[in-house]
Amino acid sequence: MIGSGPVVGNPIDPRRQFLYGLGASVGSIALTSLLAAEDSPRVAAAASGSPLQARPGHLPATAKNVIFLMMEGGPSHLDTFDPKPELDRVHMQEFVRQGKQKSAMESGQRYYVKSPFKFTKAGECGADMAENWQHLASVADELCFFRGCQVDSVNHPTAMYQLNCGNRFGGDPAIGAWMTYGLGSVNQDLPGFVVFPEISYPQGGAANWSNGYLPASFQGTPLRPVGSPILDLSPPLGVSRERQRKNLDLIAKLNAEHAALHPQHTELQARTDSYELAFRMQMQVPEVLDLSREDARTLDRYGVNQPATDAFGRKCLLARKLVEKGVRFVQLYNGTWDSHDFIERAHGNLVRGVDRPIAALIQDLKERGLLDSTLVVWCGEFGRTPDNGIRGGTAYGRDHNPHAMTMWMAGGGCKAGHTIGATDELGMTAVEEVRHIRDFHVTLLRLLGLDDNKLTYYHAGRFKQLSQFGGKPIDALLA
């Protein structure tokens, strides 16, 4: 039966293969027509066999590249960039929270927790920053803080998926995949979307940088934090570049013959493209990832070779080098900020590890004339509560909070030196410029010259988009 789904590529049943191909051909004609009307540059790129070819966006852009600093685990806005003096007054007061819509983490016997960190006004703009952000304070006037964002989940994997991919249930393309789908890549010898994970992948795993239902060419390329960043970066001993080239040419010929019989299998072309990209990367990647050519001042500035800052300092410096080479989207992971207990010690160590590298990244981008065209984003998957649950004692920590979180941007056309939105007096929920994460996603795309309503892909019977079903840009964040 046709409805049962044909076994594609079965040479024993050419009649079924013919019927499948006929249906695919007719459907392809109709779909191509629809897609062409919707977004012709991206359709043309797909048809040309060059999915990463650079192409224009839908709107004038202020940013060309993104460096996304992902603080996995949920940093506390109350102990970083959103001070709440009222918590000093109610510190250690106990209460009981109940409600049908409250999670087990939010319910039961609770107590309020003041911040262990003092706050200061940084820069000419007077940005609120915990005083242990000693280096970031020096670039406060470049930052645009947003306190009005909200998400839907208190669970790490689903919240990570929603922040990275727009869909908390996973399976959708990551922001970097959407960006490279929309704009392509300037440098055809490097991936358009690069990820620097921790040794342990974030909750939700590699799906956080997946291509989802987009062609495989748009997936993120993770670089290993220990050892060779990419396995098999150099050819085996005794294998010359000429021999590699001949092998790839033979593989490409065989794959092309197979692809002609199965035009509906786009994964095959993506695999072939990945072989070719890997071949070209062997020439460029070693140079890009080699920090030995950086001068001592630059290495010291980023905190490279210093115990507390070496790991994240290397990531930030490599991110700068990659955007210099034309990589569209670079995501850096740092974790885990999930400080349920002893937040002074936990957040104190985490801030110490990223403060110097992040400040150096922003200063370096500005000095090189790259900050105007590079959008830097700092955030976690949700915020933290002003209170904590009693779990065998009263250690000063915080639980997950989807109703209030602080994120910031720098460069790329954001409104530098401003703080947009606000939370209530205890920091439990956003009360000004309250926006769902989908609106933040739409705003990022807008800065890149992409219209979320036009950046769509036909899948599972409908056109899909990063925001899921539409959103509005947060104009207050735009310069």
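What percentage of the 479 residues in the protein do buried residues make up? In this predicted model, buried residues (under 20% relative accessible area, with a 1.4 Å probe and protein chains only) account for 51% of the 479 residues. Residues are numbered from 1 along each chain as its sequence is written. Because the model is predicted, local features need pLDDT of at least 70 and side-chain atom pairs count only at pLDDT 80 or more, whereas totals for chains, interfaces and linings use all residues; side-chain values use heavy atoms, with hydrogens and water left out.

The protein contains ten helices and 20 strands, assigned as DSSP runs (helices, H or I, of at least four residues; strands, E, of at least two) and numbered from the N terminus. Among contacts (heavy atoms within 4.5 Å) with a separation of 6 or more, 76% join residues 24 or more positions apart.

A search of the whole structure yields 18 aromatic pairs, defined as rings of Phe, Tyr and Trp (its six-membered ring) with centres within 6.5 Å; planes under 30 degrees apart count as stacked, over 60 as edge-to-face and the rest as tilted. The ring centres of Trp-337 and Trp-378 lie 6.3 Å apart with planes at 90 degrees, so this pair is edge-to-face. Distant parts of the chain are thereby linked: Trp-337 belongs to the loop between strand E9 (329–335) and helix H9 (343–367), and Trp-378, 41 residues away, to strand E10 (residues 374–379). Trp-337 and Trp-378 are both buried. Ring pairs also join these two residues with Phe-81, Trp-133, Phe-145 and Trp-408 in a cluster.

Notes. Buried < 20%, exposed > 50% of the residue type's maximum accessible area, 1.4 Å probe, protein only.
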